[in-house]
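Got the viewer open? Grab your mouse and let's take a walk through this one together, stop by stop.

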Amino acid sequence: MKSRSLSPTEAALFEAGGPRTKRRIAVGTAVAVAALAALLAWVVYRLYINGQFAPMYWSLFGDPKVWGFLGMGLVGTLRAAFGAGAIGLVCGLVLMFGRMSGIAPIRWLSIAVIEFVRGTPTLLFIYFFFLVPAQFGIHMSTYWMVVIPVASYASAVLAEVFRSGVEAVPIGQKEAALSLGLTRWQMYQSVVLPQMFRIVVPTMVAQLVVVVKDTTFGYVVTYPEMMQNTKVLIANYNSLLPVYLVTSIIYVLINYAISWFARWLSDRIGLDFEV
Amino acid sequence: MATHQSLWGSLVYLLAHYGWQYVSSYGVALRIGVLSFLGGVALAFVLTMLRVSPIPPLRAAISFYVEVFRNIPVLALLIFIVFALPEVGLVIDYEPSVIVTLILVASAFGCDALRSGINAIDPGQVEAARSLGLTFFDIVTSIIMPQALRTVVQPMVTLFISVIVSSSTGAMVPLAHTELTGLVNQINTKDALGIPTFFVAAMFYVCTGLVIAAFGRFLEKKVALCR
C-alpha cells in the first residue's frame with residue numbers, strides 16, 4: 001500500500017529549482033492546464049452536440065423511484081459482495097491450511113485447487129453455474145450463481161494472502177509456542193493466526209474491491225445487482241448514457257472508498273506488506 | 001448431447017467436434033490479452049512519466065485517471081464503451097472496444113506498479129544525477145525507468161495474466177471472432193455438453209497463466225537488482 005503523499009524518491013525528483021526551472025515549470029503548468037481544459041471542453045462539446053444535456057435524458061433522476069431502484073441494486077451488490085467475501089474468508093483459511101499441510105497429497109490437492117481457480121476467469125465459472133446445474137435438473141437461485149464463483153476466486157486469492165501472512169510471522173514465535181508445549185492447533189489459534197490477521201487485514205479489505213467488481217457479472221444471470229438494475233432502468237426510461245455514467249460513478253466511488261479504507265488500515269497498522 | 005455418456009467419452013466427442021474452434025478462440029483471447037497488455041504498459045509508461053513530472057495539475061490529472069480506472073469494474077467500462085459512447089457518435093467495433101477497455105484498466109494498474117518501482121529507488125540516486133547536471137527527462141529515462149522496470153517484473157507478470165483472464169469479458173459482446181469463454185457459452189447453448197466444455201477452456205487459461213508465471217520467475221532472476 002502506498003501513502004498518498006509524495007515518496008522521498010518522488011520528492012527528490014523535483015526539489016526547488018532555480019529561476020529558469022521555475023519559469024519552465026510555470027510554462028509547463030500553463031500548457032498542461034490548457035490541454036486538460038481543452039480535453040474537458042471537447043468531452044462537454046461532444047455531449048452537447050449529441051444532445052446529451054437535454055432534460056429528457058436526465059429528468060429520471062428527479063424521480064425517487066429511480067434512485068430507489070438503483071439503491072435496491074446497490075443492496076443486491078453489497079449482499080452478494082459480503083456473502084462472497086465471508087465465504088471466501090472461511091474457504092481461504094481452509095485452503096491455506098491445506099496448502100501448508102504436512103501431508104503431501106492434501107498439499108498438492110490444495111495447490112491444484114488454488115492454481116485452477118485463480119487462473120480461470122470468474123465469468124467462465126458464472127456461465128458454469130448458470131448452465132450446468134440446470135442440465136442436471138438442479139435449480140439454483142441467481143444469488144448463488146453469482147456468489148459461488150466470486151467466492152471461489154476470492155478463496156483462492158485469500159489462501160495465498162493468508163499464507164504470506166503466516167510466513168511473515170517470525171519463526172521464533174512458532175518455535176516458542178511449540179516449546180511451551182502448545183499443540184500445533186493451539187499454536188495457530190492463539191499465536192500465529194492473530195498476528196497473521198493483523199498483517200493481512202489491509203490486503204483482505206483491498207481484495208473486497210475485486211469482489212465488488214466481480215459481482216457485476218450478476219448482469220449475466222439477471223441477479224438484481226446494480227449493473228442488472230441499470231440495464232432494467234435503461235430498458236424502461238429513454239436515457240442511456242446518463243444512467244450508465246451514474247452507475248459507473250457509483251461503482252468507482254464505492255471501490256475508491258474501500259481502497260482508501262484499506263490504505264488507512266495499512267498506515268495505521270504501520271506494516272508495509274503487499275502480496 | 002446425452003448426459004449418459006461417460007465424462008471421458010464426452011471429452012473425446014468435444015475435442016473431435018470443437019477442438020479447432022477451441023484453438024482459434026484461444027487465439028482470439030490471446031490476441032486481445034497481448035494487445036491490451038502491450039497497449040496498457042505503453043500507456044502506463046507515459047502516464048507514470050507525467051505522474052512524477054514537476055507539474056502539479058498533470059500529476060493530479062493522472063492520479064485521478066488511475067483511481068477511476070483502477071476502481072471501475074471491467075464489465076461496467078466495457079458496457080459504457082459499447083453502448084453509451086455511440087450516443088455521442090463514437091462507435092467502436094466490438095473487439096477494439098474490449099481491447100480499449102482492457103488498455104484503460106491495465107494502464108491504471110501498470111501505472112501504480114511502475115510508481116511503486118520508482119519509490120523503491122534510493123532518492124540519493126536522483127540527487128546524485130541532478131548534481132551531475134542531468135535534466136529531469138534524462139533522470140527519468142536513464143536512472144529511474146531502467147531500475148523501476150527491473151523491480152516491477154513480478155507485478156507486470158501478474159497484470160499480464162489478469163489481462164488475459166479478463167479477455168473473457170469479451171463474451172459479453174457479440175465479437176466477430178468469439179473468444180474462449182464466449183465459445184463455451186455458445187457450445188452449451190447449441191449442444192449441452194456440460195462440464196467438459198468448461199474444463200477444457202479453463203485448462204487453456206490456467207496453463208497460459210502458469211507458463212507466463214514461470215517465464216516471469218525466470219525473467220525476475222535474470223534482471224534482479226541487488227540492493
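Here is a tour in a handful of selections, starting with chain B and ending in chain A.

**Before you click anything**

Keep in mind that you are looking at a predicted model. Residue numbers start from 1 in each chain.

**Stop 1: the whole of chain B**

Select chain B and switch to a cartoon view. How many helices and strands are there in chain B? You should find nine helices and zero strands. Walk along from the N terminus and the elements read α-α-α-α-α-α-α-α-α. Now spin the chain around: its C-alpha atoms fill a box of roughly 75 × 45 × 20 Å along the principal axes. Chain B has 227 residues, and 52% of them count as buried. Among contacts in chain B with a separation of 6 or more, 78% are between residues 24 or more positions apart.

**Stop 2: helix 1 meets helix 9 in chain B**

Next, colour residues 7-51 of chain B, which make up helix 1, and residues 195-223, which make up helix 9. Two packed helices are described by the angle between their axes and the distance between the axes. Here the angle is about 45° and the axes are 9 Å apart, so helix 1 of chain B and helix 9 of chain B are oblique to each other. Helix 1 of chain B passes helix 9 of chain B in a right-handed crossing.

Turn on side chains to see who touches whom. On the helix 1 side of chain B, look for residues including Leu7(B), Leu11(B), Tyr22(B) and Leu30(B). On the helix 9 side of chain B, the partners include Pro196(B), Val200(B), Phe204(B) and Thr208(B). What kinds of residues make up the contact of helix 1 of chain B with helix 9 of chain B? Eleven are nonpolar, three are polar and none is charged.

**Stop 3: helix 3 meets helix 4 in chain B**

Stay in chain B and select residues 74-84 (helix 3) and 94-119 (helix 4). These two pack at an angle of about 135°, with axes 9 Å apart. That angle makes helix 3 of chain B oblique to helix 4 of chain B. The crossing of helix 3 of chain B with helix 4 of chain B is right-handed.

Zoom in on the contact. Helix 3 of chain B brings Val74(B), Leu77(B), Leu78(B), Ile81(B) and Val82(B). They meet residues of helix 4 of chain B, among them Tyr94(B), Val98(B), Leu102(B) and Val105(B). By class, the contact of helix 3 of chain B with helix 4 of chain B holds eleven nonpolar, two polar and no charged residues.

**Stop 4: the domains of chain A**

Hop over to chain A and give residues 8-49 (domain 1) and 65-269 (domain 2) a colour each. Their centres, taken over C-alpha atoms, are 39 Å apart.

**Stop 5: Leu74 and Thr215 in chain A**

Click on Leu74(A), which sits in helix 4 (residues 64-99) of chain A. Its relative accessible area of 25% makes Leu74(A) partly exposed. Now draw a distance to Glu225(A): the two are 151 residues apart along the chain, yet their C-alpha atoms are separated by 6.1 Å. Leaving aside neighbours within four places in sequence, Leu74(A) touches Met226(A) and Ile254(A).

Finish at Thr215(A), in the loop between helix 9 (184-214) and helix 10 (218-221) of chain A. Is Thr215(A) buried or exposed? With a relative accessible area of 1%, Thr215(A) is buried. Beyond neighbours within four places in sequence, its contacts are Thr77(A), Ala80(A), Ala81(A), Val146(A), Val150(A) and Glu225(A).

Technical notes
Chains are lettered from A and ligands numbered from 1 in the order in which they are written. This is a predicted model: local features need pLDDT of at least 70, side-chain atom pairs count only at pLDDT 80 or more; totals for chains, interfaces and linings use all residues. Side-chain values use heavy atoms; hydrogens and water are left out. Domain bounds come from an automatic or database domain assignment. Axes are lines fitted to C-alpha atoms, for helices over the stretch in contact, and angles run from 0 to 180 degrees between N-to-C directions. Helices (H or I, at least four residues) and strands (E, at least two) are DSSP runs, numbered from the N terminus. Angles under 35 degrees count as roughly parallel, over 145 as roughly antiparallel, 65 to 115 as roughly perpendicular and the rest as oblique. A crossing is left-handed if the near helix is turned anticlockwise from the far one by less than a right angle, and right-handed if clockwise. Contact means heavy atoms within 4.5 Å. Ala, Val, Leu, Ile, Met, Phe, Trp, Tyr, Cys and Pro count as nonpolar, Asp, Glu, Lys and Arg as charged, and the others, Gly among them, as polar. Buried means under 20% relative accessible area, exposed over 50%, partly exposed in between (1.4 Å probe, protein chains only).
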